[in-house]
Each structure stands twice: as C-alpha cells, then as structure tokens.
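Colleague: I'm still new to reading protein models, so please pick one strand and what surrounds it and take me through that part slowly. Start wherever you like, and explain the terms as you go.

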Amino acid sequence: MSTLRPLLGTTLLPLLLLAPATAHAADGIETDRTSRPLAPGVRLESYDRLEADRWLRVDELRVDLAAAGVAVEYLGGPATVAEAAARHRAATGRRVLAAVNGDFFDIRRTGAPLGPGLAAGRLLHAPARGAGAAVGFGPGGRGRVLRLALEGEVTLPGGAVRPLTGFNSARPPARGIAAYTADWTGALLPAGSRAEADVRDGRVTAVRSGPDGGTPPRGVTRLTARDAAAAADLEALRPGDRVRVAAGLAAADARPVPRSAIGGREPLVVAGKPRDHDRVRNNHPAPRTAVGFSGDGRSLRILTVDGRQRDSGGLTLTALGRLLRDLGAHDALNLDGGGSTTLLATRPGEDALVLENSPSDGSPRRVPNGLALTVPAGSGRATGFLVEAVAGTTRVFPGLSRTLTATGHDETFGPAPVAGPEWWTTPGSAGRVGPDGVFRADRTGAALVHAGRTPADGGIRLSVLRPLTRVEPSADRLAFAGPADETTLRLTGYDADGAAAPVEPRDVRWQYDPARWRVVDDGRGGFTVTALAAHGSGLLRATVPATGATTWVRVGVGLADTAVEDWDVEPGWSGPGTKTAAGHTGTGIRVAGGESEARPPRPLPLPGSVRRLHLWARADGPAPAAPLLHLTDRHGAELTLRGPAVEPGTGWTRTEVPVPAGAAGPLTLEGLGSTTPLVVDTLTAESAPGPAVPLGPPGAPPARPYRDRLLTGPAQIRARPWRFAILPAGRTPAEVRQALARARAEHVDFVLGGPAGTAAAPGRTALTGPDRPGAFRPVPGGGAFRHRGVRFLRLDTTRPTLAGGGLTRLRALRAELAAAARDPGTGALAVVQDHAGPELVDRKETAARTRLLEEFRRTTGKGAAVITLDAPRSAAGRTEGVLSYAAAPTRWALVGADAFAGRGARPAGADAGTDWLAVHERPLSAARESAAAGGVAGPTPGETRGAVRGAVRGAAPGASAERDEPAVTAVRR
C-alpha cells in the first residue's frame, strides 16, 4: 500500500544534500526529509535514506514527555491501529495525536499479545514465564525500558495458596493455575486446559473438567489448570466457594511500576550502547517498530521503518539499534514489526489520524495492542492557520492560478474551525489573492499569501515560475471498462527551464465529444474523466487559454484481454531462485519471493491503455504469497503493483491487479516478485481500444514532438567559446576515423566516449594535448576534472544502486557539488555517465541526484547538466534548469560551452536567455544507419579498438591512447 507524504512541513533539502552527513547517516545518506508539529513538544520527522544495499523510509515521532500534558497510553485491540485509535477512550478533555502498533503476539493460535500490558495502572496481561521486556510510561513524565514479571496468587477455600502462573497469558506454563478475564483479546483461550473454574466477586460460579474455550464475560475471572495437580485443586471447588485471586506486575529494577506499559522483545540499546544481534534469529532486514528513551527518560523516540518493499528494504536489529543510538537513545526496545508496523498521526487543525508509513502487507494488519499518544485538548480558539495549496505545490505560472485553503488550529495544533478567513498578500508579491483563496500570478517572482482572522493568521510562500511553454497530461491514454467508469487525470505545465507545476482546472478549456465523455474538476487540482459510451475511442483536447499551450489525451472504452507472457514459447527469465515450473496450462515460472526478482530476457511492453493485469498464481510454500509486478512508465519511473495474496493449498488462482489511474503509459514490465515463493503463468493485460484518428483536428498537420532548445545548429555551436565532442561506442573503424577527423576539424578541446578499451572509450575522456593541437590523450587522475570553468564528474554506473553503487555515486556527487559551490573558478558542473537501465540505477537514486543538481543550481546560480553516453535513443531536455543530453549510438555530437572565470561568471556578452551548453547532432554515416535498420551486426570490439588506436596515434604520435581510465556512468533521465 503506497502512502503519500503530507506536504505540510519543512523540506530540509539544502542542508541534507550539500552539508556533511549527520551522525546517524554514517553508514548511509539521507535523501529527503519532511517535518511537522503535532502538538507542543511533539513532532513527526519523515525521511528517506540510502544504505549500501537498500533504501529506507523512516518515520520518527519525537516526544518531550516533560511537556505539559503529554502522555503515552495503552491502545487496545484486536483491531487495526486506526480502528483501535478511533475507539480509544482517552480521558475527558484529551485527544489522540498519534498511534503505533505494539507487542508481539501469538499470530498462529490465539492472536493475543505475548508480553506484559498495563493501562492506567491496571493489569491487562502478563508474560507467561518470568519477566518480560517492556516499555513503560510514568509516573512523573518519564519513560523507560524495563522488565515486568507477574506477581500473583490464588487463595483456595481453607486458606491454601497457589502461585498464579499466568494472567491473560497467550502461552501459559504447562504447570500451575492461570487466570483469564474479559480483558483477554485472543480469539480463544490457549488449548490444553484440564480444568476450569469461574469466579465472580470472590465466589466460584462454575467448575468444568476441560476447557470452555471462550473469553470470560465481564466481571468473571476464569481459572485454568494445565497439569494434574492444578486440575485437582480446581475440580475440588464447588459453586459458592470463596476464592481470592490477586495479580499484579513487579519491575525487575525495583523502581515504581509504570502507569502504562506494553511488551516488546529484543533490547536494541542498553545504557547508551547498541546491542549486537548478529546471532539472533530475528536479525534480518524487515519492517521495524521501536521505542527509545533518553538517559533521563524525558525524551521519547517512536520509530517505524518500512520494509520488504523496493522503496524500503527494512533494517536488521543490529542496524536498528545503531540508528536509535545515533538518534540519541540511551535505552531502546524492539516492538513487533513485519506486517504489523503501522504509524498514524494527525495534521495541524485536524483530529483525524493519517497513515504515515507503508505497511508491508499492502494494508494495515489487525494487531492486539499498541501505543496512543495523547495531549490535553486545546481551547478550540484559532491561534494560527495552516495554509496549503489544493494542488499540492507552491508553484504557479504567470497568468495562471493556485487554489489555497486555510485550516485554523489552536495553541495545541488541534482543531479551531473558523468560517471565512480573510486573504491578503504582502506588498511586492508577484500576484494577488481573492477572497475565495484563489491566487492569480501576475509575473515571475515570489509571493507571500496570508490567511487569517484577528488575532490569528498563517502564510504560504509561492514561487511564480517563468511563463508556461508546454503542458503534458499525467497519462496520454485512458482506458474505461464501460459507461460510468471513471478515472483521474492531472495536467503538468513546464516553463522554458523545465520547471514544472500542476495546471488547475480553472485555467484549462477542454474539447471533446460530450455524448461519449465527460471531464470535470475533481476538487483536488485535477480532473475526473468519465466514459458515457459502451464502446469506442476518441480524443480529449486540453488548452490553457492564457498561453495557448495544448495537449491531447487518447481515450477508449470497452476492455479486452491481450496476452503479455505465457512462458511456453521462451521462458528465458532469470533471477535468484527463478526457475521454470509446471504452469496452469503449460510452462510457468517459480518466483523465489522476498527480495528476489524474476526478470524477463527483455522488458515486456504493455498495451498503451492497460487498465488491469491478470495472472494465474499458485502459492509454493506454507505462507500466503502475493505477486509483485515491477513496471516502468514512459518517464522511466518505477511502479510496483501488488496483487492479492494466494493462500497455500488452494491451487491455481487467477489474480487481478489493477493499474493505478493516471499511470504515465505506455508501461513496461521489468520483472516479477512475490512476498513468498510463488508459481505464475499466463499474464494478460486488459485494455481499451485506441483512437483511430490522429492527434489533432481534421486536416491539421501532425503535432510536432517537443524539441528542447538545447539542440541547435552548427553555427550556434561554433559561436561558443569552446567545444567538445561526444562519440558513441560500437562503431565501425571507418566511422570512428571519420568522427574523430570531424572533431579535430571543429577544434574541439576533448572527446567524451568512444569504443571500449581505447582512449576515447565509453566513460573515458580524451583531452587535447597542450603541445600538439588536435592530439587526443587520456585524462589523468580520478573521476573528475575542471576545464575552462566547467567541472566534469565521471560516475560509474556499472554497480547497481543497491549493491553499493548508489551510495558511492551520491557521495561522489555531493562532494563534487560542495567543491564546485566553493570554487570561484567553477561556473558549471556536468555529470557524465554511461546509460544504465533501472536494474542498475533505480528511480529513487535518479531522483536524489536530480534534486542535488537542482539545489546546486538554485543556491549557487551556477550551471548544471547531465550527459548520458550510449543511450538507446537521442534526447535533450531540462528539469528545473538542469540540462540533460543523452547521446544515441547512431550519432556523434558537437557540444558548445561557455567559459567561466572569476567567481564562475559567464563570459561578457553572454545572453541571459541562452543556456551555458548547446548540442548539435550529426549522423555517423548514412550507410551505418541503414545497416542498423536492417539488423547488420556491428564491428567486434577488437576492430573498433584498432581503428581508434590508429586515428588517435595518427593525430598524435606517442600519445598514450591505450591507458585504461575509470568508467564514466550516469543515471538515465
């Protein structure tokens, strides 16, 4: 289950990306963070981290237990955490701020918690044997990790006293008497009872030889015996006999027993030192929930870490302990994790709890208990306003609008409803706001918009981008099952620098056949598109009248199944534990489950308007197995779809996996995974027909694809202060010689790329020798160099993101950006990389690197670019002003660049409206392009290597053309 991060909070990107790593990032890099207050003394921090072998998504509640009125209470189940919090009876005048899952439980039998439990000083359940690890709260606004043991006895008629060996215990000892009350949360009492006696108000009401099995009614204490001696004691009782049952918990540290407590298991930090769990069975990467305390017990950390997902692999116990220690925990305890890990929290001005993490089961699990964080309810009078944009962004284009909302909150950040707040902008703002909270941008710049009602107010800072130049839909194809079927759609605009922002419905005009389709405002900054016909296809045209920008969306209604893969013709799938197996109708494949992934011999394209995927599946182990389909969209972003779990022993099941509305198609299947071992067969896609008409009105010329201004003509390149060339790999000797000759004729300073094993190899750079113009030689040194005010950073993409490559690349980029920011002689930085698919460089690494470059450009004013060598196809573009160029193998490129000197300044006379980099592409040869189209095999590495040696040595006798340099690689954009 995917969870969207709340937009509220402070994004600490500049500090996180350009500053040195914080202490707890010693083994990884933090790539994103948001923060928001929940109440005075309580904050929620949410952040992403990249470790050497996994991504982590962490949510951390920071609580000052000494703050006025802050309390942590026992949360009872069995229920999901959200259900339990909704019915939690907080004390009068208090409200629930946050809730988290709690103790481990008897998951395969009774479902009851295994450790101790205290609520407002009342014993709810006790560990079965000895003292159980727990986290306790109170008295005195303090918390601690401790061990709690059951202390109890049963006084029988005649005065005989027997020890009480269990109290609402999920796994009572084999000997002795255990007691159960209406606080028991299990589905049934533990099996194995030989005799039972019910006691109400100190008198026996019933005696049984054998178990009743059900939960005792309110007011009844049920005594159970599991051995012969204890059974004899109970069977000797008669209705009306007086029996006294006393039960309580004692703390092993001899300190006062807490007011509230919940059980856990493994100690993670003890007296400031993280525990080593390397030989513990549970020490494997998994979703985690943990609680940590400062040395004085006044500071609390509640931590959840998502796991068993591509976006977050989870933590081992040892790593979790180190993380909590680095966060300041003096003592910490591990609570139940896995599919139980759940964290909910409120937003300012609201009482509703929002799911913050992404449960690994796909949806929140029912758990026996948890912890609820409560505070006193506030006055209900507004002391501030949370101002937000409905579309989820603070950006807007000149001439367009941004709809804002204002939510009042009181001094505790609790609800404070206010009717009709006033709106205004500060003087000098680049736009104006109306009484309805709609901001209209006038010009490029910034605006500070306020909302409030005296004496309370709040504000939001908006950025007005450069004028909108183009607009794109979130999906260019929509599929509908039939009439009344609907889906969502959003429009994103871009300015000349590639800066993006949503375009709201009030700024868009649609054209379509109203008898077949309907498009309306969805109230969230997007659109709801509904099919009105049973079958057919067509087009939707969206225009932004303020700028004239137009885009089209293909629509179709009436779904049909299309075969994607049946594994009968060419299985060929690979991956850890992947193998062929007997399928539903023929051959299938077995997916090992866990973090393993089965990958096809080549990515499998899905129909352009796919709505649902169907897959025959059979669990191949003792646990339920849910299929995971790993896709990429048209932008290369990864998308994981989770199918319904298949129960073991049920045979073959045809599962249905919906494709999210608005997914940016066309989509491609990159691999298959599963939560546990699974056999799959016959994958089909349910899609709608595409339109039988071209994009655009009848008689109009075909729409021209977007072409970035980075691509230009040779005259503009030659007008630049200096030039370099980009040469693809895998070319014929003749093409290599011709391209190098052309590069020399253009007086380039150096060459990027070329055939493997040569001076101009992929990821290798050959510079012009200072003593012999036109002579190329390898660049000495490591992965970076500076030339005429431009720093070039070469990144190695041969190691996958989660095999240490991502961490190495991000560290190298952060260091180089910091150096470039400090260096007055650097005016721009270019990342040079070989093309790498998502199996090597995943989307989160790509996004993190992009944010680093964007932040560098924004904070320093210096240029930034990404140059990708040997991409499948040529592409030029920009994102937030960061230029990108991908060089195709059928062309070579001449690149013109500005020279920088003295504090990174651009040369005198440079046009502020132009880029610091420009590209002109040239075909290697018409013959080569024809051969490639006809499938003619390329040259062998040896043929090409020899050609380049000759070309380089011919131009520069004695040059070290064969020196092996580190590879330059990069993220696919």
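**From a leucine to a pocket, and on to a sheet**

Modeller: Let's begin at Leu 124, which lies in strand E7. Strands (E, at least two residues), like helices (H or I, at least four), are DSSP runs numbered from the N terminus. Keep in mind that this is a predicted model: local features need pLDDT of at least 70 and side-chain atom pairs count only at pLDDT 80 or more, while totals for chains, interfaces and linings use all residues. Residues are numbered from 1 along each chain as its sequence is written, and side-chain values use heavy atoms, with hydrogens and water left out.

Leu 124 counts as buried because its relative accessibility is 8%. Here, buried means under 20% relative accessible area, exposed means over 50%, and partly exposed is in between, using a 1.4 Å probe and protein chains only. Now look across to Ile 262: the two residues are 138 residues apart along the chain, and their C-alpha atoms are separated by 9.8 Å.

Strand E7 also takes us to a pocket. E7 (122-125) and strand E4 (71-79) each supply at least two residues of the lining of the second largest pocket. What does "pocket" mean here? On a 1 Å grid over the protein atoms alone, a pocket is an open set of points with protein on both sides within 12 Å along at least five of seven lines, whereas a cavity is a set where a 1.4 Å probe fits but cannot get out; lining residues have an atom within 4 Å of a point.

This pocket holds about 820 Å³ of space. For that volume, grid points are joined across faces, edges and corners, and you take the space filled by probe spheres set on the points. The lining has 29 residues, and those nearest the centre are Glu 73, Tyr 74, Gly 76, His 88 and Ala 119. E4 gives the most, with 7 residues. Sorted by class, the lining has 13 nonpolar, 9 polar and 7 charged residues. Ala, Val, Leu, Ile, Met, Phe, Trp, Tyr, Cys and Pro count as nonpolar, Asp, Glu, Lys and Arg as charged, and the others, Gly among them, as polar.

Next stop, the strand I'd like you to stare at for a while: E19 (residues 288-293). 6 of the 6 residues of E19 are buried, so the strand is largely enclosed by the rest of the structure. In a regular strand, side chains alternate between the two faces of the sheet. You can check both faces here: Arg 288, Ala 290 and Gly 292 are buried on one side, and Thr 289, Val 291 and Phe 293 are buried on the other.

Who are the neighbours of E19? It is joined to strand E20 (residues 299-305) by 6 bridges, running antiparallel, and it also pairs antiparallel with E21, over 5 bridges. Two strands pair if DSSP finds at least two bridges between them. Ala 290 makes a handy landmark: its bridge partner in E20 is Leu 303, and it stands opposite Asn 334 in E21. One residue along, Val 291 has Leu 333 as its bridge partner in E21. The hairpin of E19 and E20 has 5 residues between the strands, and Gly 297 takes a positive phi near 75 degrees there.

Now follow E21 (residues 331-335): 4 of its 5 residues are buried, so this strand, too, is largely enclosed by the rest of the structure. Strand E17 (residues 267-270) runs antiparallel to E21, joined by 2 bridges, with Val 269 standing opposite Ala 332 in E21.

One last thing to find is a charge placed over a ring. Arg 265 lies over the face of Phe 104, at 3.8 Å from the ring centre. To count, NZ of Lys or CZ of Arg must be within 6 Å of the ring centre and within 35 degrees of the ring normal. A second example is Arg 470, whose charged end sits over the ring of Tyr 494, 4.2 Å from its centre.
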